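Biologist: Please give me a close look at one part of this structure, the pairing of strands, and then set that part among its surroundings. I am new to this, so take it step by step.

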Amino acid sequence: MQKIMREQLIEKAASLLNNGTVTAVLGWGKGEFDYDVTPAVFKTEEELKAGFVWNDFCGANFSKYLVKKTDRLEGKLLVFLKPCDTYSFNQLLTEHRFDREKVYAIGVPCNGMADIAKIKAVSGEGISAVDTNGEKIAVTTIYDDAPVMIDPADVLAERCINCKSKKHVAYDELLGEEGDVIDSARFDEVARLEAMSADERFAFWQNELSRCIRCNACRDACPACTCEKCVFDNPASGVENKSPANSFEEQLFHVIRAYHVAGRCTDCGECSRVCPQNIPLHLLNRKFIKDINEFYGEYQAGETVGSRAPLVNYTTEDIEPGEVFDRRDK
Amino acid sequence: MRKCSLNAVNEVFAEIAKAAKLYLPVDQADGSAAFKEWENGVTWSSALNTVKSPKDLFFPQTEDLMAFKTEGKSIEVIDTRREVEDFVVFGVRACDVKSFEILDRVFIKEPVDSYYASKREKGVIVALACTKPSETCFCTAFGICAEEPCGDVSAWKTEDALYFRANTEKGEALMKRLEALTEECGEDAVNAQKEKTAQIMKKLPLAKLDTGAFGGGKTEQLFNAPEWDELSSACLGCGTCTFVCPTCQCYDIKDFNTGNGVIRYRCWDSCMYSEFTKMAHGNNRLTQKERFRQRFMHKLVYYPENNDGLFSCVGCGRCLAKCPISMNIVKVMKKLGGKDSE
């Protein structure tokens with residue numbers, strides 16, 4: 001259950017549309033079922049009332065959409081941002097990827113989003129309705145007349161279990177109350193991997209990445225991946241590939257991507273959310289974030305606009321590369 | 001019809017595996033299922049469907065076609081093809097079984113694709129009837145009978161037994177090998193299950209999805225429909241829908257430089273990708289809207305136009321479950337088909 005109700009968001013969006021502050025609204029659009037929402041642009045109050053959704057399945061991070069959706073837009077685009085989305089929003093502004101003047105950002109408090117796979121593990125297939133407006137999530141299936149009642153905490157998405165912040169770091173207007181940065185346990189799993197022997201860790205990643213089908217959804221959803229032309233989409237690059245030619249190459253793709261977004265990744269978790277094969281890709285990025293924190297002091301990408309990330313900012317206090325090398329054996 | 005006790009299912013698998021490689025759905029650590037080779041100790045998954053379809057076993061995501069070895073100024077051409085051995089794919093759902101008919105029309109037509117055809121020749125498909133379909137299932141829209149799948153052998157799983165019916169010569173040969181492990185039986189239990197599943201299929205949320213607005217000859221009506229803008233607006237351009245799809249058949253041929261030669265292989269391609277069918281003059285679909293439209297026009301209009309009205313979708317629901325932004329063929333059909341398709 002979310003603190004702010006759908007009707008409040010529609011009312012707010014409609015008033016901003018009607019008074020001319022914005023010309024369009026980027027929101028979550030109704031799907032076939034209650035959980036399959038699609039990012040959509042709404043232009044009128046009627047469209048909002050008919051198709052705007054705000055429930056526990058509005059996980060999609062809209063920050064990256066702003067790059068393309070504001071490109072040829074007349075006037076301003078209203079965007080709703082959850083706390084984690086605002087970090088990506090700032091990071092993209094830092095990288096000059098969209099025009100801040102074309103956006104009207106509204107911060108929306110978030111109680112965490114549900115993972116439909118976890119819900120199905122409890123309810124089974126054949127869902128005909130999911131209601132997330134109550135204290136418990138009510139799931140009705142075609143196989144049973146009575147709904148299955150599920151505690152939202154039991155079906156939270158991984159990234160929401162390990163939520164790093166309920167605080168919005170960017171907005172023009174905030175609905176509801178502001179939250180706090182959370183001292184989360186998000187690095188615990190990374191620490192568990194670090195504690196493994198090199199062979200164990202290699203086996204872990206080999207097993208996880210062996211499921212990769214190279215659909216590139218992780219890259220395409222990633223707010224840190226906004227290159228106009230990805231090197232992996234360029235046949236002239238010599239590294240373009242559409243399929244797992246062999247497992248070694250496949251693992252390099254994910255490792256290279258993790259390096260490319262290191263220091264810029266805000267840990268929004270979109271990569272793992274969209275992976276059709278449930279590969280815990282966020283762990284690669286979190287490893288970099290953990291290392292950056294340990295080597296250079298606490299740093300959260302996207303916390304502010306224009307911050308110089310440790311990896312692109314030389315100081316005489318910087319760690320010697322040799323120390324990183326030595327750490328390998330520890 | 002023959003049957004065996006569910007307790008004896010591993011003996012059946014062992015018997016099949018004596019003479020042929022056996023692939024069947026197996027649960028993976030992440031909770032999903034995938035077709036894996038059976039060996040002693042492997043448990044058959046009860047999942048409704050695998051993430052990737054069994055298409056992979058006949059048309060692998062990556063497949064070597066040939067190789068070249070260079071030495072000085074000479075190039076040796078190496079045939080990398082291996083004799084395909086007999087194999088059995090067990091537990092293929094009705095939707096996925098139908099996908100092979102769609103793929104056959106592409107690959108086993110002059111000029112025959114020998115890589116695919118050889119696997120189709122050697123592979124035996126044991127289809128499994130559905131009993132608990134998902135809300136994402138819409139195979140009935142394409143005339144597929146989930147409760148009575150085709151395949152070389154049809155199988156039904158009840159509480160305590162597994163029932164078999166051979167449909168083809170290959171299927172009969174397989175059942176002959178299983179003679180000692182199975183017994184002749186009546187069809188009452190299977191008929192009861194079929195009736196029950198048929199009733200469930202009618203209750204599915206997408207049961208009434210209508211294909212009437214689509215098919216051959218609809219290009220002019222649909223190609224410039226204004227709805228494509230909105231439908232494709234949030235598409236990320238990833239290849240998820242294509243790569244989990246049992247009927248997507250497009251591939252690219254690429255050369256892998258080994259240092260002293262080349263391995264020429266093919267790999268699945270996706271019409272959602274920006275470099276899809278790039279030619280000397282450049283690319284013919286420059287926007288994601290055009291790429292998105294291509295995928296659905298191919299499945300709902302172009303393919304049926306060239307294949308006696310057969311749609312190139314089997315309603316397995318994988319794209320509904322896996323698209324990162326939950327845009328899919330059902331939403332496209334409802335939007336473009338108007339009220340008639342609701």
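Modeller: What follows starts with strand pairs and then moves outward to a helix, the core and the contacts.

The model is predicted. Take strand 8 of chain B, residues 153-157, as the starting point. On one side, strand 8 of chain B is joined by three bridges to strand 7 of chain B, residues 123-128, and these two strands run parallel. On the pairing with strand 9 of chain B, residues 161-166, there are five bridges, and the direction is antiparallel. Three residues lie between strand 8 and strand 9 of chain B, and the two strands form a hairpin.

One residue lets you follow both pairings. B:Val153 in strand 8 of chain B is the bridge partner of B:Val126. B:Val153 also stands opposite B:Ala166, which belongs to strand 9 of chain B. To trace this in the picture, go from B:Val126 to B:Val153, and from B:Val153 on to B:Ala166.

B:Val126 leads on to the core. The largest nonpolar core has 163 residues, and those that touch the most other members are A:Val25, A:Val79, B:Val126 and B:Cys139. For A:Val79, the contacts beyond its neighbours within four places in sequence are A:Leu26, A:Phe62, A:Leu66, A:Val103 and A:Ala105.

Chain B has another set of strands that can be read in the same manner. Strand 12 of chain B, residues 261-268, pairs with strand 4 of chain B, residues 62-71, through seven bridges in the antiparallel sense. In that pairing, B:Phe68 is opposite B:Val262 of strand 12. Strand 12 of chain B also pairs with strand 11 of chain B, residues 251-257, again antiparallel and over seven bridges. Here B:Tyr251 faces B:Trp268 of strand 12. Strand 11 and strand 12 of chain B make a hairpin with three residues between the strands, and in this hairpin B:Gly259 has a positive phi near 105°.

Next comes a helix. In helix 11 of chain B, residues 329-337, the buried residues are B:Ile329, B:Val330, B:Val332, B:Met333 and B:Leu336. They lie on the same side of helix 11 of chain B because their arc around the axis is only 160°. Among the elements that cover these buried residues are helix 6, helix 7, helix 9 and helix 10 of chain B.

Now the two chains together. Their contact takes 33 residues from chain A and 43 residues from chain B. On the chain A side, strand 2 (38-42), helix 5 (116-123), strand 6 (127-131) and helix 9 (217-221) each give two or more residues. The largest share, four residues, is from strand 2 of chain A. Sorted by class, this side of chain A has 19 nonpolar, eight polar and six charged residues.

Last, look inside chain A. Its domain assignment gives domain 1 (6-112 + 161-174), domain 2 (117-150) and domain 3 (188-327). The C-alpha centres of domain 1 and domain 3 of chain A are 27 Å apart. Their contact takes 16 residues from domain 1 of chain A and 16 residues from domain 3 of chain A. Helix 4 of chain A, residues 83-94, gives the largest share of the domain 1 side, eight residues. That side of domain 1 divides into six nonpolar, seven polar and three charged residues.

Conventions. Residues numbered from 1 in each chain as written. Chains lettered and ligands numbered in written order. Predicted model: local features only at pLDDT ≥ 70, side-chain atom pairs only at ≥ 80, totals over all residues. Buried ≥ 20, exposed ≤ 12 C-beta atoms within 10 Å, placed from the backbone. Arc of directions from axis to C-beta. Contact = placed C-beta atoms within 7 Å. Nonpolar A, V, L, I, M, F, W, Y, C, P; charged D, E, K, R; others polar. Domains from an automatic or database assignment. Core = buried A, V, L, I, M, F, W, Y, C linked by C-beta atoms within 7 Å. Pairing = 2+ DSSP bridges.
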